[in-house]
Amino acid sequence: MTCPSCGEPVGVDFAFCENCGASLPDRATSGSPAVPEVARSGEQRSLVNVRTEPQKAPRPPCKTCGGLIGDDGWCTVCGARASNGREHVAEQPTPTVAAVSDRGLVHVRNEDAFAVAARDGWTALVVCDGVTTATDSDAAAYAAAQAARNVLAAAERPTGSPDDRQRHWCLQLKAAALAADEAAEGTADAGDGNPPACTFVAAVADGDLIAAAAVGDSRAYWLPDDGPAEQLTVDDSWATEQVRAGVPRDEAEADAKAHAITRWLGIDSPSVDAATSTTTATGPGWLLACSDGLWNYCSDASALRDLVNEQPLEPLARAEALVEWANQQGGHDNITVTLARIGAV
C-alpha cells in the first residue's frame, strides 16, 4: 500500500502515514484488507504505529542502604554494587553430592559460582571464583562453571585400562577449562578495559579414579577416610611462586600478595592450558572443590580433612557447616564448597 498524499509505502493496518502524517483511508471501505478494530478507534488511532520499548522489571532496592539502583547496576545513594541474587546458594542433586556458595561477611556480592553433576557412580564438581578487581566477574564465573560442567556431563565414560581412563578425563578436564574460558570471554563488553575474569577448578570421580584440573587458585582435595589426604591442584598464584623459591608456605600464604593470581579465565588470560592431576581412591572419602574463601583459613590437606570430618555427615549439612565455619573465621571472601562422598558412607 502507498500513502495517497505522499506516495510512500505504508502498512495495510496503518492509521496514518509515518512519512507525512496524513490519515489513511479505512481499508474496510476501500477494498483493502480490514483494519483491526482497535486501529479504527478514533481515540487510539494515533497510537497504532508507535513503537515502544519492552518494560524492564523493577530493580530491587540496594541491600546495603535500601536506595535506588541505577541502570549501571550501582546504588545511587551509597554507591554499592547491586545484588546479583546469589548471596547464598545451595544445591544437592543427589544424596552424596552437595554444593553451597555464600558471599561471606565482607563482600557485598557473591562472585563465586559452582556447577555440579552426578549419576551412576560418576561425579563432577566445578567451582569458579570471580576476580573482584575486574568488572562483572560474577557473570564470568557463573557462565564458566555452567559451561565446564556441561562439557564434563556430556563426556563418555571410558572403559579401558586405568591409564586410558586417566588420559581420557585429563583431556576432558582441559576441554572443560577451554569451554569455561570461552564462556567467561562471552560476558565481556566490547572495549572493556577491565574485562571480567575468574578462576577455575574441576574434579571428576569415575569409580575409583579421581582427576582434577585448575586455572588460578581455587582448589580440589581428596580427603580419604584412611590414608594421606591430598591437595589435587597447584595454585597459579604469587604465593605458589614464593614457595617454589623456598619461602615457607605459612609465610608466603600470609603475605598481602599471596592471592595475586598468575593465570585466570577471561578475555585477557595469559594461558588456559589447565594443569591436571589424577589419583586413585583405595577406600571411601570426600572429594572437595572449593574457592579460597574456605581454604585460606585451612590450607593443609590433612588439617582440612580433620575440619571436614568434624562437620555433620550428610553432604549438604556438611557443606553448609564448612561455609559457616569460614564465616566464623572472618568471612573475608566469598566462600564456595562442593562435596561428593566417594564410596560407602
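A residue counts as exposed when its relative accessible area is over 50%, and as partly exposed when the value falls between that figure and the 20% below which it is buried. In this predicted model, Asp120 has a relative accessible area of 70%, so Asp120 is exposed. Asp136, at 28% relative accessibility, is partly exposed.

Both residues sit in loops and have a positive phi. Asp120 lies between strand 3 (112-119) and strand 4 (122-129), while Asp136 is placed between strand 4 and helix 3 (137-154). Most residues other than glycine have a negative phi. The values are set out below.

| Residue | Phi | Relative accessible area |
|---|---|---|
| Asp120 | near 45° | 70% |
| Asp136 | near 55° | 28% |

The elements that flank these loops also contribute to the nonpolar interior. Strand 3, strand 4 and helix 3 are among the elements that each supply at least two residues of the largest nonpolar core; helix 4 (162-185), strand 6 (200-206) and strand 7 (209-215) do likewise. This core has 31 residues, of which Val126, Cys128, Leu152, Phe200 and Leu265 touch the most other members. Another core lies apart from it, with 22 residues, including Trp295, Leu304, Leu322 and Val337. In soluble globular proteins, nonpolar side chains tend to be buried together.

Cys128 illustrates the surroundings of one core member. Leaving aside residues up to four places away in sequence, Cys128 touches Glu111, Asp112 and Ala113, as well as Ala141, Ala144 and Ala145. Its other contacts on this count are Cys198, Thr199 and Phe200.

Terms used: Residues are numbered from 1 along each chain as its sequence is written. This is a predicted model: local features need pLDDT of at least 70, side-chain atom pairs count only at pLDDT 80 or more; totals for chains, interfaces and linings use all residues. Side-chain values use heavy atoms; hydrogens and water are left out. Helices (H or I, at least four residues) and strands (E, at least two) are DSSP runs, numbered from the N terminus. Buried means under 20% relative accessible area, exposed over 50%, partly exposed in between (1.4 Å probe, protein chains only). A nonpolar core is a set of buried Ala, Val, Leu, Ile, Met, Phe, Trp, Tyr and Cys residues joined through side-chain atoms within 4.5 Å. Contact means heavy atoms within 4.5 Å.
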